[in-house]
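Could you take me around this structure in the viewer, stop by stop? I would like to know what to select next and what there is to see at each place.

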Amino acid sequence: MIVKEESYDLGSPTIDSQIVSLKASGADAFFQATTPKFTAQAIRKAHEIGWKPLHVILATSSQPSTTLKSAGFDASTGIVTSIWRKLPGNPEWADDAAMKDYFGFMKQWASKEDPEDPTALLGYIWAQMLVEVIRRCGDDLSRENLMKQATTISDLQMPMFLPGIKINISSTIRTPWRAAQIVSFDGRDWVRSGGLITVPLEN
């Protein structure tokens, strides 16, 4: 049951008042859909006022080296999110071949960018996907064949996806994947728990 909702303006200096209001509602779970700046503010403010709900944030605002560091690692401990990709900088993937390839690529071609930035990894993954589709086209790069190859993808495991999360696209199903895994922040890194959660296709 939703007991309270709060909105915010991107131009606002803080969202402290919204967090105080949400705590006063008595809510024991807090799902936060905000940009990284306000995610950090909310985590920090909730910690300051002693509000400890089940706190779920967006994966796009979950970077330890930026968002969570700004909020404070102590304040961020216990925060929950979901992931579908391997996490650059996480010790779990230190010896992973795909992760080494990614860091090597970033060092060679984008040395001024932070490889742990989610935007950098997304660009890398989408580029790999585009290469795969073009490879499947062979010598026929017509729009018709390009669309055919892009909409007939079955159980494709991308190197930087979590094991078991695969891309499936058809002419009627355009959502590439429908699975993720829950992770919680232990004060240093995100730790995976449980198995993959898959959202079934709607009838």
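Welcome aboard. Start by selecting Leu130, Ile134, Leu141 and Leu146, which make a nonpolar surface patch of about 360 Å². To find your bearings, look for leucine 130 in helix α6. Keep in mind along the way that this is a predicted model.

**Second stop: the tryptophans**

Stay with helix α6, which spans residues 118–137, and pick out tryptophan 126 there. Now add tryptophan 84, which sits in the loop between β3 (80–83) and α5 (97–109). The rings of tryptophan 84 and tryptophan 126 are 6.3 Å apart, centre to centre, with 15° between the planes, and form a stacked aromatic pair. Stacked is the right word because the planes are under 30 degrees apart. This pair links distant parts of the chain, as its two members are 42 residues apart.

Which of the two is buried, and which is partly exposed? Tryptophan 84 is the buried one, with a relative accessible area of 16%. Tryptophan 126 has a relative accessible area of 41%, so it is partly exposed.

Keep tryptophan 84 selected and bring in tryptophan 177. Their ring centres are 4.6 Å apart and the planes meet at 45°, so this pair is tilted. Here too the pair links distant parts of the chain: tryptophan 177 is in the loop between β5 (167–169) and β6 (179–185), 93 residues from tryptophan 84. Tryptophan 84 and tryptophan 177 are both buried.

To complete the view, add Phe161: together with Trp84, Trp126 and Trp177 it forms one aromatic cluster. Across the whole model, the aromatic pairs number 12.

**Third stop: the salt bridges**

The model has six salt bridges, and several are worth a visit. Select glutamate 92 and arginine 192, whose side chains meet in a salt bridge at 2.4 Å, N to O. How many residues apart are glutamate 92 and arginine 192? They are 100 residues apart, with glutamate 92 in the loop between β3 and α5 and arginine 192 in strand β7 (residues 190–192), so that the bridge links distant parts of the chain. Both ends are partly exposed: glutamate 92 has a relative accessibility of 40%, and arginine 192 has 29%.

Next, show Glu132, Arg135 and Arg136, which are joined into one network by salt bridges that share partners.

Now move to helix α2 (residues 36–48) and select lysine 45 and glutamate 48. Their salt bridge is 4.0 Å, N to O. Lysine 45 and glutamate 48 are three residues apart in the helix, so about one helical turn separates them. The two ends differ in their cover: lysine 45 is buried at 18% relative accessible area, whereas glutamate 48 is exposed at 52%.

One more bridge joins glutamate 6 and lysine 4, with 3.8 Å between the closest N and O atoms. Glutamate 6 is partly exposed at 36% relative accessibility, and lysine 4 is partly exposed at 38%.

**Fourth stop: the largest pocket**

Lysine 4 is also your way into the largest pocket, since Lys4 is among the lining residues closest to its centre, along with Glu5, Leu22, Phe30 and Phe31. The volume of this pocket is about 440 Å³, and 23 residues line it. Which element gives the most to the lining? Colour β1, which gives the most, with four residues. Then colour α1 as well: α1 (16–24) and β1 (29–32) each supply at least two residues of the lining.

**Last stop: two details to check**

Select aspartate 155 in strand β4 (residues 153–156). Its phi is near 50°, a positive value in a residue other than glycine. Aspartate 155 is partly exposed, at 48% relative accessibility.

Finally, go to phenylalanine 73 in helix α4 (residues 73–76), a partly exposed residue at 34% relative accessibility. Draw a distance from its C-alpha to that of arginine 188: phenylalanine 73 and arginine 188 are 7.0 Å apart in space, though 115 residues apart in sequence.

How values were computed: Residues are numbered from 1 along each chain as its sequence is written. This is a predicted model: local features need pLDDT of at least 70, side-chain atom pairs count only at pLDDT 80 or more; totals for chains, interfaces and linings use all residues. Side-chain values use heavy atoms; hydrogens and water are left out. Rings of Phe, Tyr and Trp (its six-membered ring) pair if their centres lie within 6.5 Å; planes under 30 degrees apart count as stacked, over 60 as edge-to-face and the rest as tilted. Buried means under 20% relative accessible area, exposed over 50%, partly exposed in between (1.4 Å probe, protein chains only). Patches are made of residues with over 30% relative accessible area and no salt bridge: like charges are joined within 9 Å, nonpolar side chains (Val, Leu, Ile, Met, Phe, Trp, Tyr) within 5 Å. Accessible areas come from the Shrake-Rupley method with a 1.4 Å probe; for residues, only the protein chains shown count as cover. On a 1 Å grid over the protein atoms alone, a cavity is a set of points where a 1.4 Å probe fits but cannot get out, and a pocket is an open set with protein on both sides within 12 Å along at least five of seven lines; lining residues have an atom within 4 Å of a point. Grid points are joined across faces, edges and corners, and a volume is the space filled by probe spheres set on the points.
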